[in-house]
Structures are given as structure tokens and as C-alpha cells.
Amino acid sequence: MRKRTLLVLLAVLAMILAACGSGDEGGDTTTTADSGSEETTTTADSGGEETTTTADGGAGGEAPESIKIGAVVPITGPFAGGGAQVERGYRYAVEAINEAGGVFVEEYGVALPLELDLRDDASDPNQTTSIMEELGGEDIVAYLGGFGSPVHAAGTAIAERNQIAYLGVATALQALHEQGYQYYFSPFPKSPDIAISVFELLDTIPEDIRPSRVGIFQETTDWGEELGALWEDAAQQFGYEVVLRETYAPGSTDFTDIILQAQAQDVEILLSLPTPPDGFAIYQQMGELGWKAPFNLVVRAADVPTWNDLGEAGEGVLLSAGWHPALGFPGIEEMNQRHIDEEGRPADPVVGGSYSLVQILAAAIESAGTLDHQAVRDAIAATDMMTVAGPITFREDGTSPITNPLMQRIGGGVELVWPAEAATQELVYPSP
Amino acid sequence: MPSVVRWTIVLLLLAGVVVLGLVTDDQRILTIAIQVFMLSALASSWNILGGFAGQISLGHAVFFGLGALVTREMWLGGTSLVLSVTVAVVSTALVSAILGVPLLRFRGIYFAIGTLAVGVAVFLTIGNIRPGISSLPVDALREYTFTGPYYFTLAVLVVTVVVSIWLKQSRLGLGMMAVRDDEEAAGATGVGPLQHKLSAFVISAALAALAGASFAYFSVSYYPNFPFSVVWTFEAITVVFIGGLGTIAGPLVGSAFFVILRDTLPSGIQELQVVLFGVLFILVVLLLPGGLVEGGQRLLAALSRKGPAPPAQQRETAEKEEGKRL
């Protein structure tokens, strides 16, 4: 028996070695640069399918067929609603850049199309890391991140170790920028921006009806702890009173207790940052309990289009997703029109930020003139350009001085209510 | 096969995996190998409790997680890796002894449910008290190579397999198997059921902690509650059943099969991997109760046409003979 066991073991180990040596063909969805079909590389200038070769003696040897970008996005799981927006932003931008001729790489003396290798991490940070490990071995020029702080927090360390630039939006975790990472860039409002802007908006409400009693529903995550504390500090700074700060575990299903506590404390300003499923559960249960604060900020969950399914319970809720088509930056109109054509509604809040990441990366590659990881990283750090998310530069820590727009769900749409100069509608207060 | 030849093959295999870490720096190859070693070690540790002592624990990830948590905290805090791992293993063994006394008073499905409840409670608690991600410091990230984790995880696997082999042949291990086969009969013959089950529980937990330590050493970035996830328990159980319950080679074969299949599934099927492995698990339990090891033995017997009867057939024959005697 032992003899045979060993033989089986030998066979299995042979399988391991064979499988390891066979390279990687699985686990990915490679979309094309300009057509959306699979595994097709299209040259920048003609649109026809051909192998790109070095033009007029480019010094860098034979050019690759495309510039490969690795993206890890939650297409399934709790962050799927946000992930779909991120995916759309990346895809639109890649296709737009390729239709315009691709990205000129001086090293090869030719414009190359972008190729997006987008994979689903199922909203699981642990899958994010393993997928990023795989992508790291596959000649990508940079990583593009997904949606939600947990997946970004997991992914950035891998990017740092692999010394490949990582660009991400839909993450507000400031602590991640305090690790000393050199390869992580995020042109997205961070917790300190979010904490302040909501009180700046509140200060615009006429004093006689302005609410003052703040309640915080804080999930037990690193971002929850960070933003909860910042909200409390900002409330004090702006002269508001925090009467409730309750924590809950992500994935909880019953929020009755904290809702009733908020009601008992007469909370007028309810601040929360739930995952989409938690946010839906909180507001659905509020609807069932017949109570809702007059002012509600749901930083993350309300940016998912299906929020409208909540009906009245979700009406009037504010969200902070970092971008709105009404901001009016160059390129928004075309992108927004495409979104309307495909989805039947203006671009969702995370689409713009995601789109801008591809613009930043393409410009950095062109500026670097090479696909070398370090050169591309340095070029991203030196970014100074206009994108659909506005003018972008990066601070030393990888954050970007960027406007934090606040939006409100009104009549099934998402209206921009802050900053006032770009607002599409005035804040509806109290919430319907 | 003569013992010398058998051990030569084992040593050649071991030499092969030792050399593999020296001759390649391919991230993908090393990652797959590390995952196979780690899951093999975890599954082998579960096999001691489930396969040798017959106690189906659904909370095994608690010990894997504790090993990872203690190792990571101490190691990133500046303690040497060896001391961190030692403390992790010893403290996990103590915790398991404390948990084991009440839990092992349950039997069968009640024990399984009890361990599952403990596992879920610990997972949620760790998630609440340690919500932040655990990442290696920037300097460590820049210096990180796969070689260290590769050999560390391989060493953990070797230790786990050696302990399993020793246990299977020892008086203690035979006592565990006696308790597994018939608790009352074992008790009547002087083999203390609780002592033997508790011994299996503690040894199994300590080895799971060792596997958890390798996870902590290998992983660049993860949320501290992740190693406590019940997914680790179910993966360990799945690979033990797929490979062969109660055997030494089963967890190793099952882990290699599981990890390689999972990592090479085409993208369209990868999302269905849980379903796929669930179906596979059911098929193995129904059609191949001895797992892939037994399947391989049957195949070899069929090919050679002169080998001994496969274990299932042997058991059948033995049962018939026993029935006749009775």
C-alpha cells in the first residue's frame, strides 16, 4: 500500500511541476484595447489587426503588441455595484485612448494600444492580493485598483513589494498613505476631506433650521475607525454635537438596535460609511421602523444605482463618491454621453474617477517614454494634467488635492449639491 | 517495494522540492508551491483529529488563525521568527487544551457544531478587535523574496508529516484510532477516550498553528481575521477527503490537486470553483471513499493485475470474515 501511495505522490508532484511550468493562462478576462472583444490587439493608428513593430529605429528593441495594464476589480461580492462602475470607467478610457491612436512610447518609437487585463477579486481583499501576485508576473506596466478601502489596503502592499505603480479611486483610507509607500497613487478625496466637507455643507443650511445633533454609524473596519474619529473631531471644530457613535460589524443583518438608539438620541445628522449591502439593510430597516434623520450622509453605499430600489427610505440621502458629471471638466461630455448611450443614465459617480486613472497612466507612460516600472512610477508622481476628474497633481504621500463633491439622491437621480458653484440643485433639507 | 527504494523515492522527492526553491525565482511557481505546502500542513493537522481520532472539527481555523496572529504580532513587533513561532505553537496548544475539555464532551455532529460555533465566534471577534490590515513594513516589502517563506513552509510541512507518521505508528496514535473505531470498546479495554481525543485535539491544533505561522510569514498583506475564516477549515477537510482520510499521503495529494486545479481553472469557471469542489467532494465521498490515494492504488492494481486488493475490497473482505466469526 505504501509503495502505491508513494507512486501516486510522485505522480501528483510531477503534475505540480508540469502545471507550474506551463505558464499562466487562467483566471483573467482580457479585454481589448479598442473593440472590447477578447485577446485582440489593435494598432493605434489603423484600427486593423497587426503586430506592432518598432518604427524608425526605436532604441528599445522590439515593441510589445500592447501596453498591458493589470486591473483587480470587484465584479462580484458586496462591492460589485461599485466595481461595475470602476470597470466601466477603465474600459471607456482605454477604448477612447486607443481610438485616438494609443500611447506613444519613445523607447519603441511607436504608439501602442492599451490592453486592460481586468480580473474579479469577488470583493475579497485576500483574493485581491493573490490576483495581484499573478498579475505581477505578467509584464504589466501598472496596476489599477478596485472599489472599497479593504481591497485597496490589501493590494497596495503587493504593488509596493513588486515595485509596480498602483492607481486607485473609491478608497478614502488616509492611513494607507501614511505607510511610506512609493508606488501608490490615489486622486480621490480622503477621510480628512470627507470629514470636513459635510460640515461645510451643513453650515450652508439657514441657521434657524440647521441641525446640530450628530449620530455616527461606524463599521468596525480600519476606515470606519479612521473616519468615525475624524467626523467627531470635525463636528467639534464646526460646533456640532456628537450625541451617538455606534459601531457594528460589516455584514450585520440587524441594525434595529442602533437605529432605535439614534431615534432615542434625536439624531438630526446621521453619518455612515457602510458597504452597499449594509447600507441597504440600514435604510430599509429605518423605513420599516418609520424613522429617518433629517440629514443623512451615506458615504459609500448610496453610490450604487440600485439604491433607488429603496424608494422613499433612500430618498434624499447624500453620498460622497468623489466625482459627478456636472463638474464640467474636459472630456466629461463625451464620456457621459457614452454612459447614457450604454446605461441609459448619466455617468455613475465612480466612473469619472476610474476613467481619470487611465488618463493619468497613459500620460505618464508617454512622459516616461518607456514601459519601465520605475520610470512610469516617477512620471505618475510628477503628474500635472487635466482629466475628467479635474486637474491632478500628486503629493508626496500619493494623495491628490482634489475637490470632494457631495451628491444627493433626489427623484431617482444623483444631483450635485456641493461645491455650491458647480451644484446642479440645492440641498434638499430636511430629507424627504 | 523494499524499504530502501521507498525511502530513496521519498528523499528524491524531498530533494526535488528543496532544489526547486534554489533553481527558480518564478513568483508563480513558488507561490503555488507555498500554497500547496501550507494547505498540506493544515490538512495533515486536521487529519490527525479527523482521520486518526475520528473527530470532525469545523473550527480548525481557530488554531490556524491563532498561530498566524501570534506569530505576526510578535514577529512584526521585533521578536525573532523562531521565538514568535514557538510562542504561537505553545500558546495555541494551551488554548486548544482549554477549549478541548468541554468541546470533546460532545460527540459526533454535536462536536462538529460546537467547534463551528467557536470558530465563527472567534472569527467575528478578531474582526471586531483587529479591523485594520496587517501589512509588512515598507522596508520589509522592498527586501521581500519568496525563498524564505518557501523553505519555511516546506519545513513546516515536513514537521507535520513526520509527526503524523510517528503518531500513526505510536501507542498514542493507535489509541486514537481505537477510539475512532469504537469509543466504548476502547474505553472498556483501558484506552481513555477523552485523553486520546484531547491529545489528538491539542497536537492537531499545535500543528495547525505551525501552518498558520507559515501563513503569517509568507503573506505580505491580509486582514487579521482572514486566517480565522471557516474557509480554511473547509479547504482542509475537502482536501483530506479528496486525498484520503486517515492516510499520511492523502492530505498532500489532495492539497496538490486542489491548489493546482483552483489556480489553473479558466476564468469562466473560476467563479464556480466552490461549486466545482463541492460537487467533487460529494463524488469522492460517494464513489471513492478512500480518496485519490485509494483511487491511485486501485488504478495501479488494475494495471499490474497482481497487486493486493484495494483497501475498500480489503475492508469488505475483512468485514465479511468478521461477520462469519460473529
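## A buried helix in chain B

In helix α11 of chain B, the buried residues are B:W232, B:T233, B:E235, B:A236, B:I237, B:T238, B:V239, B:V240, B:F241, B:I242 and B:G243. That makes 11 of its 14 residues, so α11(B) is largely enclosed by the rest of the structure. Keep in mind that this is a predicted model.

What sits over those buried residues? The cover of α11(B) includes α2, α3 (61-76), α5 (108-129), α12, α14 (273-287) and α15 (291-304), which belong to chain B too. The helix itself runs over residues 230-243 and spans 20 Å from its first C-alpha to its last, close to the 20 Å expected at 1.5 Å a residue. Just past the end of α11(B) comes B:G244, with a positive phi of about 150°.

## How α2 and α12 pack in chain B

Two of the helices that help cover α11(B), namely α2 and α12, also pack against each other. Packed helices in general are described by the angle between their axes and the distance between the axes. Here α2 (residues 27-52) and α12 (residues 249-264) of chain B meet at about 140°, and their axes are 8 Å apart. Angles over 145 degrees would count as roughly antiparallel, and α2(B) and α12(B) are therefore oblique to each other. Their crossing is right-handed.

On the α2(B) side, the contact uses B:I32, B:Q35, B:V36, B:L39, B:S40, B:A43, B:S44 and B:N47. The α12(B) side brings in B:G250, B:P251, B:L252, B:G254, B:S255, B:A256, B:F258, B:V259, B:I260 and B:D263. Sorted by class, the contact between α2(B) and α12(B) has 10 nonpolar residues, 7 polar ones and 1 charged one. As a reminder, an α-helix has 3.6 residues a turn, so residues three or four places apart point the same way.

## Chain A overall, and its helix α5

Over in chain A there are 11 helices and 17 strands. The chain has 432 residues, and 57% of them count as buried. If you take the contacts in chain A between residues at least 6 apart in sequence, 68% join residues at least 24 apart.

Helix α5 of chain A covers residues 191-202, 12 in number, and reaches 17 Å between its end C-alpha atoms, close to the 16 Å expected at 1.5 Å a residue. Which of its residues are buried? For α5(A) they are A:S191, A:D193, A:I194, A:A195, A:S197, A:V198, A:L201 and A:L202. Their cover includes one helix from chain A, α6 (222-238), along with the strands β11 (269-272), β12 (295-298), β16 (406-410) and β17 (413-418).

## Backbone details in chain A

Two cis peptide bonds are worth a look. One runs from A:W418 to A:P419, with omega near 10°, and the other joins A:Y429 and A:P430, with omega about -5°. A:P419 is in the segment after β17 of chain A, and A:P430 is found there as well.

Then there are positive phi values outside glycine. A:D139 has a phi of about 60° and lies in the loop between α3 (125-136) and β6 (142-144) of chain A. With 12 C-beta neighbours inside 10 Å, A:D139 counts as exposed. For A:D266, phi is near 55°, and the residue is in the loop between α7 (256-264) and β11 of chain A. A:D266 also has 12 C-beta neighbours inside 10 Å, so it counts as exposed.

Technical notes. Residues are numbered from 1 along each chain as its sequence is written. Chains are lettered from A and ligands numbered from 1 in the order in which they are written. This is a predicted model: local features need pLDDT of at least 70, side-chain atom pairs count only at pLDDT 80 or more; totals for chains, interfaces and linings use all residues. Axes are lines fitted to C-alpha atoms, for helices over the stretch in contact, and angles run from 0 to 180 degrees between N-to-C directions. Helices (H or I, at least four residues) and strands (E, at least two) are DSSP runs, numbered from the N terminus. Angles under 35 degrees count as roughly parallel, over 145 as roughly antiparallel, 65 to 115 as roughly perpendicular and the rest as oblique. A crossing is left-handed if the near helix is turned anticlockwise from the far one by less than a right angle, and right-handed if clockwise. Two residues are in contact if their C-beta atoms, placed from the backbone, lie within 7 Å. Ala, Val, Leu, Ile, Met, Phe, Trp, Tyr, Cys and Pro count as nonpolar, Asp, Glu, Lys and Arg as charged, and the others, Gly among them, as polar. The expected span of a helix is 1.5 Å times one less than its number of residues. A residue is buried if 20 or more other C-beta atoms lie within 10 Å of its own, exposed if 12 or fewer, and partly exposed in between; C-beta atoms are placed from the backbone.
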